[in-house]
Amino acid sequence: MVAQAFEHWLAQASHLSHTQRSTALRILHEPAVIAAGRECLPDLPACPHCQAPPAQLAPWGWSRGLRRYRCRTCRRTCNTLTGTALAHLRKADCWQTYAQALIDGLTVRQAARACGVHKNTAFLWRQRFLRAAAEHRDRHEGGIVEADETFFLESFKGQRHLLRAARRRGGVGVTRGTGQDQIPVLVVRDRAGHTADFQLARLDAAHVQEVLLPLIDREAVLCTDGASVYAAFARASGITHCVVHPRPGQRVLEGALHIQNVNAYHGRLKNWMARFDGVATKYLANYLGWRRMLERYRQSILPAHCLQEALGRASQHVIGT
């Protein structure tokens, strides 16, 4: 508001009734208001308490800049944050700035400086913002589908009591290759860009089949390396399977049948993850979801998209459901 308009508004204060004065004082003393960014928040798809359709939600005043509703079915009140990871978080006026920090891939301390909050708050927000995004993966892939695994070193970063000797963050494992301290992550991509990844407890036929069976279309062609777990899955599900054995200097086999698409994703994921100097295994799924979110929106991503993802209401056409 410009100074002249503010002075005109202030001059009218003497004409307010007692009730109007009380209302104005209450609004002025309210904590950080979400009103500045409420246009970025999606509407409620249903009552968060009883899942009644939105037609049953009646307007019920305002709170902290957000419209409140009362459900005609369960008689409980709610707003667009109820039941989400962002409910009850403070400093809501910094959320859009923090969403931009996620887009820029800032570390915890860099994000804290950008938002003017403590580093512990920035870390808490990171996990809250990414909790729902970790579940937003494509549910169906068809055509030529590539699958391959990559590994992340097991990390107890942030824990005070370790079951092994401490090592430098982002260091090397105790054993060479894919030992017990390597966490397998299976990445699946088709040629339309649909992406899904899964943090597996073990890289065996049972765990691979559990995640791939509901994901891959029965008419698809599955391209993998020579690992036996993929051959076992293909035989059990009846999916056409192409084994790719690349030779040094050879990038593509048999025309379109290759796994370079998924291997390129591995490279982007690992290079992007390196800035964090090791990610705690308990939060690895959140970071995988963070990278998938950046890949989905690419250059068109906005803070509003991050807020929608954090609320668990990403656009259906974006996540392929």
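**Entry 1: the hairpin and its sheet**

I started at the hairpin of β1 and β2, which has two residues between the strands and in which R64 takes a positive phi near 55°. The model is predicted, and I read every value below with that in mind. Next to the turn, I found S63 bridged to L66 in β2. I counted the ladder between β1 and β2 as five bridges, antiparallel.

I then followed the sheet outward. It is open, has three strands in the order β1-β2-β3, and pairs in the antiparallel sense. The edges are β1, residues 57–63, and β3, residues 77–78, each of which pairs on one side only. I looked up the pairing of β2, residues 66–71, with β3 and found two antiparallel bridges. On that side Y69 stands opposite C78 in β3.

I also checked the link between β2 and β3. R75 lies in that loop. R75 is not a glycine, yet I read a positive phi of about 65° for this residue.

**Entry 2: the nonpolar cores**

I asked which residues of the largest nonpolar core touch the most other members. This core has 51 residues, and the ones I was after are L86, W95, Y98, W125, F129, M273 and W290. I went on to the elements that supply it. At least two residues each come from α3 (95–104), α4 (108–115), α5 (119–131), β5 (182–190), α8 (260–273), α9 (284–297) and α10 (303–310). Helix α9 gives the largest share, seven residues. By domain, I noted at least three residues from domain 2 (92–134) and at least three from domain 3 (138–159 + 175–279).

Apart from this core I found another, of 18 residues, which includes V145, V208, L222 and Y230. As background for the entry, nonpolar side chains tend to be buried together in soluble globular proteins.

**Entry 3: helix α10 and the loop before it**

I took α10 next and checked how much of the helix is covered. Eight of its eight residues are buried. I listed them as P303, A304, H305, C306, L307, Q308, E309 and A310. I looked for what lies over these residues, and the cover includes α3, α5 and α9. After α10 comes G312, with a positive phi near 80°.

In the loop between α9 and α10 I stopped at R298. R298 has a positive phi of about 55° and is not a glycine. I also asked whether R298 is buried or exposed. R298 counts as exposed because its relative accessible area is 51%, and the cut-off is over 50%.

**Entry 4: cysteines**

How many disulfides does the structure hold? I found zero. For C94, which is in no disulfide, I looked up the nearest cysteine sulfur, and that of C115 is 5.6 Å away. C94 has 14% relative accessibility, so it counts as buried. C242 is likewise in no disulfide, with the sulfur of C223 the nearest at 4.6 Å. At 13% relative accessibility, C242 is also buried. A disulfide needs two cysteine sulfur atoms within 2.5 Å.

**Entry 5: T281**

I found T281 in the loop between α8 and α9. At 18% relative accessibility, T281 counts as buried, because the cut-off is under 20%. The side chain of T281 reaches the backbone nitrogen of S155 at 2.8 Å. Leaving aside neighbours within four places in sequence, I listed the contacts of T281 as L153, E154, S155, I183 and Q199.

**Entry 6: R218**

I closed with R218, which sits in the loop between α6 (205–212) and β7 (221–224). With 39% relative accessibility, R218 counts as partly exposed. I traced two backbone oxygens around its side chain: that of L213 is reached at 3.1 Å, and that of I216 lies 2.8 Å from a polar atom of the R218 side chain. Not counting residues up to four places away in sequence, R218 touches L213, S237, G238 and I239. I also looked up the separation of R218 and G143, which are 75 residues apart in sequence and 9.6 Å apart in space, C-alpha to C-alpha.

Definitions and conventions. Residues are numbered from 1 along each chain as its sequence is written. This is a predicted model: local features need pLDDT of at least 70, side-chain atom pairs count only at pLDDT 80 or more; totals for chains, interfaces and linings use all residues. Side-chain values use heavy atoms; hydrogens and water are left out. Two strands pair if DSSP finds at least two bridges between them. Helices (H or I, at least four residues) and strands (E, at least two) are DSSP runs, numbered from the N terminus. A nonpolar core is a set of buried Ala, Val, Leu, Ile, Met, Phe, Trp, Tyr and Cys residues joined through side-chain atoms within 4.5 Å. Buried means under 20% relative accessible area, exposed over 50%, partly exposed in between (1.4 Å probe, protein chains only). Domain bounds come from an automatic or database domain assignment. Contact means heavy atoms within 4.5 Å. A polar contact is a pair of N or O atoms within 3.5 Å; within protein, one must be able to donate a hydrogen and the other to accept it, and residues adjacent in sequence count only if both atoms are side-chain atoms.
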